[in-house]
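Please work through the exercises below with the sequence and the model at hand. Each task is followed by a solution in steps.

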Amino acid sequence: MELMSIDRRNFLLAMGGALAGLAGCSAGSPPTDSAGRTAQERTVSLETIASGLRTPLGIEFAPDSDRRYIAEQQGVVRVHEDGLRDQPLLDLRETVVTGSETGLLGIALHPEFTQNRRLFVRYSAPRREGT
(Lines give C-alpha, C1' and ligand atoms only; values in the text may rest on other atoms or scores of the structure.)
Protein backbone atom coordinates (compact mmCIF):
# COMPACT_ATOMS: atom_id res chain seq x y z
CA MET A 1 0.00 0.00 0.00
CA GLU A 2 2.82 2.42 0.87
CA LEU A 3 4.54 1.64 -2.47
CA MET A 4 1.39 2.44 -4.44
CA SER A 5 0.88 5.80 -2.72
CA ILE A 6 4.50 6.81 -3.46
CA ASP A 7 4.09 5.86 -7.14
CA ARG A 8 0.82 7.77 -7.33
CA ARG A 9 2.37 10.82 -5.67
CA ASN A 10 5.35 10.76 -8.08
CA PHE A 11 3.01 10.38 -11.04
CA LEU A 12 0.88 13.35 -9.95
CA LEU A 13 3.96 15.49 -9.36
CA ALA A 14 5.35 14.60 -12.77
CA MET A 15 2.03 15.34 -14.50
CA GLY A 16 1.70 18.66 -12.69
CA GLY A 17 5.19 19.67 -13.81
CA ALA A 18 4.53 18.61 -17.38
CA LEU A 19 1.28 20.59 -17.54
CA ALA A 20 2.94 23.66 -16.07
CA GLY A 21 5.68 23.38 -18.68
CA LEU A 22 3.16 23.05 -21.51
CA ALA A 23 1.20 26.03 -20.28
CA GLY A 24 4.27 28.20 -20.88
CA CYS A 25 4.52 27.00 -24.49
CA SER A 26 1.31 28.72 -25.56
CA ALA A 27 2.44 32.21 -24.64
CA GLY A 28 3.13 34.67 -27.44
CA SER A 29 1.58 35.39 -30.79
CA PRO A 30 0.47 32.63 -33.18
CA PRO A 31 2.89 31.61 -35.95
CA THR A 32 2.51 33.28 -39.34
CA ASP A 33 3.48 32.45 -42.90
CA SER A 34 5.77 34.53 -45.15
CA ALA A 35 2.88 36.91 -45.91
CA GLY A 36 2.21 37.46 -42.20
CA ARG A 37 -1.06 35.48 -42.15
CA THR A 38 -2.02 33.17 -39.29
CA ALA A 39 -3.43 29.69 -39.86
CA GLN A 40 -6.97 31.07 -39.41
CA GLU A 41 -6.35 33.68 -42.12
CA ARG A 42 -5.02 31.26 -44.74
CA THR A 43 -7.46 29.56 -47.07
CA VAL A 44 -7.37 26.35 -49.05
CA SER A 45 -9.25 25.89 -52.28
CA LEU A 46 -9.73 23.29 -54.99
CA GLU A 47 -9.37 23.84 -58.71
CA THR A 48 -10.58 21.45 -61.41
CA ILE A 49 -7.80 20.85 -63.90
CA ALA A 50 -9.47 18.13 -65.99
CA SER A 51 -12.95 16.79 -66.51
CA GLY A 52 -14.37 13.87 -68.47
CA LEU A 53 -12.28 11.25 -66.67
CA ARG A 54 -13.75 7.91 -65.60
CA THR A 55 -12.63 6.83 -62.13
CA PRO A 56 -9.21 8.53 -61.97
CA LEU A 57 -7.20 6.99 -59.16
CA GLY A 58 -3.60 8.06 -59.64
CA ILE A 59 -1.66 11.02 -60.91
CA GLU A 60 2.03 11.63 -61.47
CA PHE A 61 3.62 14.97 -62.25
CA ALA A 62 6.41 15.19 -64.82
CA PRO A 63 9.45 16.72 -63.13
CA ASP A 64 10.59 18.60 -66.24
CA SER A 65 7.35 20.20 -67.48
CA ASP A 66 3.77 21.11 -66.62
CA ARG A 67 2.49 17.66 -67.60
CA ARG A 68 0.44 15.18 -65.61
CA TYR A 69 -0.08 11.45 -66.19
CA ILE A 70 -3.48 10.32 -64.96
CA ALA A 71 -4.37 6.66 -64.41
CA GLU A 72 -8.00 5.59 -64.72
CA GLN A 73 -9.25 2.38 -63.14
CA GLN A 74 -10.58 0.86 -66.37
CA GLY A 75 -7.00 0.67 -67.73
CA VAL A 76 -6.22 3.98 -69.41
CA VAL A 77 -3.35 6.41 -68.77
CA ARG A 78 -4.08 9.90 -70.03
CA VAL A 79 -1.81 12.92 -70.41
CA HIS A 80 -2.89 16.35 -69.23
CA GLU A 81 -0.80 19.22 -70.60
CA ASP A 82 -2.64 22.40 -71.60
CA GLY A 83 -5.78 20.26 -71.41
CA LEU A 84 -6.53 16.57 -71.59
CA ARG A 85 -5.20 14.89 -74.75
CA ASP A 86 -7.82 13.20 -76.94
CA GLN A 87 -5.96 9.88 -77.22
CA PRO A 88 -4.69 7.95 -74.19
CA LEU A 89 -0.95 7.46 -73.77
CA LEU A 90 -1.55 3.86 -72.72
CA ASP A 91 -4.68 1.74 -73.20
CA LEU A 92 -4.75 -1.54 -71.26
CA ARG A 93 -8.52 -2.06 -71.31
CA GLU A 94 -8.12 -5.42 -73.10
CA THR A 95 -5.57 -6.57 -70.48
CA VAL A 96 -6.96 -5.22 -67.21
CA VAL A 97 -9.58 -6.98 -65.12
CA THR A 98 -11.85 -4.34 -63.62
CA GLY A 99 -14.32 -4.46 -60.81
CA SER A 100 -14.72 -3.36 -57.22
CA GLU A 101 -11.08 -3.12 -56.15
CA THR A 102 -9.41 -4.25 -59.36
CA GLY A 103 -8.26 -2.56 -62.53
CA LEU A 104 -5.40 -0.18 -63.17
CA LEU A 105 -4.35 0.38 -59.57
CA GLY A 106 -1.32 2.64 -59.71
CA ILE A 107 1.16 4.63 -61.75
CA ALA A 108 4.72 5.74 -61.00
CA LEU A 109 7.37 7.58 -62.96
CA HIS A 110 10.86 6.08 -63.17
CA PRO A 111 13.35 7.94 -60.91
CA GLU A 112 15.23 9.00 -64.06
CA PHE A 113 12.07 9.82 -66.01
CA THR A 114 13.49 13.01 -67.52
CA GLN A 115 16.16 10.93 -69.28
CA ASN A 116 14.38 7.66 -70.13
CA ARG A 117 10.65 8.56 -70.22
CA ARG A 118 9.68 5.30 -68.48
CA LEU A 119 6.62 4.92 -66.33
CA PHE A 120 5.27 1.93 -64.46
CA VAL A 121 1.70 0.79 -63.95
CA ARG A 122 0.24 -1.72 -61.52
CA TYR A 123 -2.93 -3.49 -62.58
CA SER A 124 -5.10 -6.55 -62.03
CA ALA A 125 -4.62 -9.17 -64.74
CA PRO A 126 -6.81 -12.18 -65.55
CA ARG A 127 -5.94 -15.39 -63.71
CA ARG A 128 -3.50 -17.58 -65.57
CA GLU A 129 -3.74 -21.33 -65.70
CA GLY A 130 -1.94 -22.81 -62.70
CA THR A 131 -2.27 -19.78 -60.43
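The exercises concern a predicted model and proceed from the whole chain to a single residue.

**Exercise 1. Describe the overall make-up of the protein.**

Solution. Begin with the secondary structure: the protein contains two helices and six strands. Next, place these elements along the sequence, where they follow the pattern α-β-β-β-β-β-α-β. Then turn to the surface, whose accessible area is about 10300 Å², with 52% belonging to carbon and sulfur atoms. Finally, consider burial: of the 131 residues, 21% are buried.

**Exercise 2. Determine which strands stand at the edges of the four-stranded sheet, and why one side of each lacks a neighbour.**

Solution. First, establish the strand order, which is E1-E2-E3-E4 in an open sheet with antiparallel pairing. The edge positions belong to strand E1 (56–61) and strand E4 (90–91); each has a single partner strand, so one side of each has no neighbour in the sheet. Now examine the pairing of E4: two bridges join it to the antiparallel strand E3 (residues 76–80). Within this pairing, valine 76 has aspartate 91 of E4 as its bridge partner.

**Exercise 3. Decide whether glutamine 74 is buried or exposed, and identify its contacts.**

Solution. Locate the residue first: glutamine 74 lies in the loop between strand E2 (68–72) and E3. Its relative accessible area is 12%. Because buried means under 20%, glutamine 74 is classed as buried. Lastly, leaving aside residues up to four places away in sequence, glutamine 74 touches Arg54, Arg93, Val96 and Thr98.

Notes: Residues numbered from 1 in each chain as written. Predicted model: local features only at pLDDT ≥ 70, side-chain atom pairs only at ≥ 80, totals over all residues. Heavy atoms only, no water. Pairing = 2+ DSSP bridges. Buried < 20%, exposed > 50% of the residue type's maximum accessible area, 1.4 Å probe, protein only. Contact = heavy atoms within 4.5 Å. Areas by Shrake-Rupley, 256 points an atom, 1.4 Å probe, with all protein chains shown as cover.
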